[in-house]
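Colleague: Could you give me a close look at how the helices pack in this one? I'd like the geometry and who is touching whom.

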Amino acid sequence: MTPTITLIPGDGVGPEITKAVTLVLGEAGARLQYDRQDAGVYALERHGDPMPQATMDSIESNGLALKGPLATPSGGGFRSVNVAIRKEFDLYANIRPVSTILPGLRYQDIDLVLIRENTEGLYVGVEHSISIAGDRRAAAESAMITTRFGCERILRFAFEYAIANGRSKVTLAHKANILKHTQGLFLETGELMAPEYAGRVAFEDGIIDATAMHLVLDPYRFDVLVMGNMFGDILSDLMAGLVGGLGFAPSGNIGESCAVFEAVHGSAADIAGQGVANPTGLLLSACMLLDHIGQGEAARRIRTALEAVVLHGDARTPDMGGSDNTSAFAAAVARRLG
Ligand code: NAI
């Protein structure tokens, strides 16, 4: 049976990279049917709602989605639809791998995976402004929600992911020296769980700020990293920088009964409409989706073709130092598959 996935092209560069990715998926013989849906600013303009019910219903019934970036206004405006989707479908584990494809960078052979807790922490959005003496935004506070249940399931996921993927070490990055309750609970949960994996997966912890420095100085000392929501959001962009930038970073948001795959990057408003975005992040996210549904052979063929295109310079988008556009890049990958 051909699985149906919800396909959300999204905002900014989203439609451009989605077109490129579906072309390559077709050429690779991926068995997928697409249920196209709107979300984000595009949906707000078209349907008056950044998260239409039809889109949520589609994700729920398919249990699988490939999603382009969705823009979120900073400061005011509507709340993040990305965060809402993760919350609604309890997509608690965000897998963000980075590996080197582009030659000539400061580092070669990077192969790291960041596992980010996706439903708790500061991103629960429990925050408000405090009005003082007529100034409605005189002060503000946010709650960082951390539960033992949430810590246990993401840390379990990280250890099990390491075993299933032949990885040797899990590094738990935290700020438990300052945030003794929230981050302390995360660290304590990891320390209690690690002995169950002794002899199979090594375990260490590191303070988040020092971990950021070590990632830049010597990324090879890490393997799988696990951390809370906001730290994971920030460090995964840093890690994307190790392999050439956000255009190369895929991700999967995984829950018990639903999974949503998307590039790590946002809508890239500065290059949207120019047709020059790098579709690699979304293409590798689609490969993660194929792995997830047992079509690993199509994923393997796409990764091989993609690596050959970038390595041999068949086509390169501007962020790779080339001058090819998104569709020329996709066509080059399709040629390697053909
Ligand atoms: P961004 O990731 O859109 O862009 C940051 C920089 O990376 C820009 O210079 C952009 O041109 C470049 N870039 C991003 N993707 C690229 C690609 N595929 N190829 C070549 N260059 C690429 O981050 P920014 O500007 O902070 O966010 C823009 C909007 O996207 C915001 O509204 C934000 O909320 C949203 N966003 C959505 C995400 C999602 O849907 N999962 C994730 C991150 C941000």
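Modeller: H9 and H10 cross left-handed (near helix turned anticlockwise from the far one by less than a right angle; clockwise would be right-handed). Bear in mind this is a predicted model, with local features needing pLDDT of at least 70, side-chain atom pairs 80 or more, and totals for chains, interfaces and linings using all residues. Numbering runs from 1 along each chain as its sequence is written, and side-chain values use heavy atoms, without hydrogens or water.

The axes of H9 (residues 280-292) and H10 (residues 296-312) come within 7 Å and cross at roughly 155°, so the pair is roughly antiparallel (over 145 degrees; oblique is 35 to 65 or 115 to 145). On the H9 side, the contact (heavy atoms within 4.5 Å) uses Thr-280, Leu-283, Leu-284, Cys-287, Met-288, Leu-290 and Asp-291. H10 answers with Gly-296, Ala-298, Ala-299, Ile-302, Arg-303 and Leu-306. By class, that's nine nonpolar, two polar and two charged residues.

Now for the other pair: H5 and H6 pack at about 50°, axes 9 Å apart, which means H5 is oblique to H6. Their crossing is right-handed. H5 brings Arg-148, Cys-151, Glu-152, Ile-154, Leu-155, Arg-156 and Phe-159, while H6 offers Leu-185, Phe-186, Glu-188, Thr-189, Gly-190 and Met-193. Seven of these contact residues are nonpolar, two polar and four charged.

H6 is mostly covered, too: nine of its twelve residues are buried (under 20% relative accessible area, 1.4 Å probe, protein chains only). Besides H5, those buried residues pack against strands S8, S9 and S10 and helix H8.

Note on methods:
Buried means under 20% relative accessible area, exposed over 50%, partly exposed in between (1.4 Å probe, protein chains only). Helices (H or I, at least four residues) and strands (E, at least two) are DSSP runs, numbered from the N terminus. Axes are lines fitted to C-alpha atoms, for helices over the stretch in contact, and angles run from 0 to 180 degrees between N-to-C directions. Ala, Val, Leu, Ile, Met, Phe, Trp, Tyr, Cys and Pro count as nonpolar, Asp, Glu, Lys and Arg as charged, and the others, Gly among them, as polar.
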